[in-house]
Amino acid sequence: MNFDDNAILIQNLVNGNEKAYMFLLDTYHRRLNAYALTLVSDQDQAKDIVQNVFLKTWKSRKKLKTQFSIQSFLYKAVYNEFINSYQKNKAMMLLQKKYLESLGEVVEETDTNLLEQMITVVNNEIQNLPPKCQKVFILSKKEGLTNIEISEYLNVSIKTVEAQITKAFSILRERLGKKYEMIFILVFGTRPLKLAEQGQIL
């Protein structure tokens with residue numbers, strides 16, 4: 001089958017032909033990665049942007065139209081993903097700055113031994129999370145894997161990964177209470193309440 005023909009390629013994607021999707025990956029992955037690098041100047045971030053674009057393209061494939069260029073669609077999708085990522089990161093950076101400033105005050109005012117005890121309590125509660133929830137949370141927050149990497153490693157959907165991480169933050173927030181919020185920034189670089197509400201992880 002001639003997937004070089006734009007209309008044939010799109011029609012096969014719409015129909016769920018995995019060979020068409022593999023052709024899309026083989027043909028455009030390197031080009032899109034190079035394009036994403038010009039936007040973010042960071043290899044890991046560029047990789048995440050491109051992976052997200054391909055995943056979203058496959059999930060939303062039934063909305064593709066044969067009269068539109070798949071190449072133009074993909075480049076535009078990378079740009080839009082970059083904009084969305086930039087806006088989220090910008091908002092999170094402002095939020096993080098605010099709480100890092102507060103954290104500095106907490107560290108100065110709190111006894112070192114007490115801080116260590118609080119961190120121990122947080123880590124103990126992580127061990128008490130439901131098994132699946134704990135595994136995803138540790139891969140994300142302690143191993144530093146992205147949601148996409150966790151999804152591929154555990155062979156589950158990205159939505160499942162996001163749900164498990166959000167669930168972990170909600171459980172920990174409920175068990176530990178508000179006084180431990182700053183300790184979350186020390187241990188994970190995140191604030192549990194807002195992230196659990198938004199379903200987003202830094």
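Trainee: Which residue caps the N-terminal end of α2?

Mentor: This is a predicted model, and in it the N-terminal end of α2 is capped by N17. A side-chain oxygen of N17 lies 2.8 Å from the backbone nitrogen of K19.

Trainee: What follows α2 at its other end, and what is the sign of phi there?

Mentor: S41 comes after α2, and its phi is positive, near 55 degrees.

Trainee: Where is the kink in α2 centred?

Mentor: The kink is centred on Y28 and amounts to about 45 degrees. Y28 is also among the buried residues of α2, which include A20, Y21, L24 and T27 as well as L32, N33, A36 and V40.

Trainee: How should one read the burial of nonpolar residues?

Mentor: As a general idea, nonpolar side chains in soluble globular proteins tend to be buried together. Here, the largest nonpolar core has 24 residues, and L13, L24 and I70 touch the most other members. Helices α1 (6–14), α2 (18–40), α3 (43–59) and α4 (70–109) each supply at least two residues of this core. The most comes from α2, which gives seven residues. Apart from this core lies another, of 15 residues, including V122, V136, I150 and F169.

Trainee: Which residues does L24 touch, leaving aside those up to four places away in sequence?

Mentor: L24 touches L9, L13, H29, F54, T57, I70 and L74. Two of these, L13 and I70, are named with L24 as touching the most other members of the largest core.

Trainee: How many aromatic pairs does the structure hold?

Mentor: There are five aromatic pairs. One of them joins Y21 and W58: the centres are 4.8 Å apart, the planes make 45 degrees, and the pair is tilted. Y21 belongs to helix α2 and W58 to helix α3, 37 residues apart, and the pair thus links distant parts of the chain.

Trainee: Why is Y21 classed as buried?

Mentor: Y21 is classed as buried because its relative accessible area is 15%, and buried means under 20%. On the W58 side, R61 lies over the face of the W58 ring, at 4.0 Å from the ring centre.

Trainee: Why does the pair of Y35 and Y75 count as tilted?

Mentor: The ring planes of Y35 and Y75 stand at 55 degrees, with centres 5.2 Å apart, so the pair is tilted. Edge-to-face would require planes over 60 degrees apart. Because Y35 lies in helix α2 and Y75 in helix α4, the pair ties together parts that are 40 residues apart in sequence. Y35 is partly exposed, at 25% relative accessibility, and Y75 is partly exposed, with a relative accessible area of 25%.

Methods
Residues numbered from 1 in each chain as written. Predicted model: local features only at pLDDT ≥ 70, side-chain atom pairs only at ≥ 80, totals over all residues. Heavy atoms only, no water. Core = buried A, V, L, I, M, F, W, Y, C linked by side-chain atoms within 4.5 Å. Buried < 20%, exposed > 50% of the residue type's maximum accessible area, 1.4 Å probe, protein only. Helix = DSSP H or I, 4+ residues; strand = E, 2+ residues; numbered from the N terminus. Contact = heavy atoms within 4.5 Å. Phe/Tyr/Trp six-rings, centres within 6.5 Å; stacked < 30°, edge-to-face > 60°. Lys NZ or Arg CZ within 6 Å of the ring centre and 35° of its normal. Bend = angle between axes of the 7 residues up to and from the residue. Polar contact = N/O pair within 3.5 Å; in protein donor to acceptor, adjacent residues only side chain to side chain.
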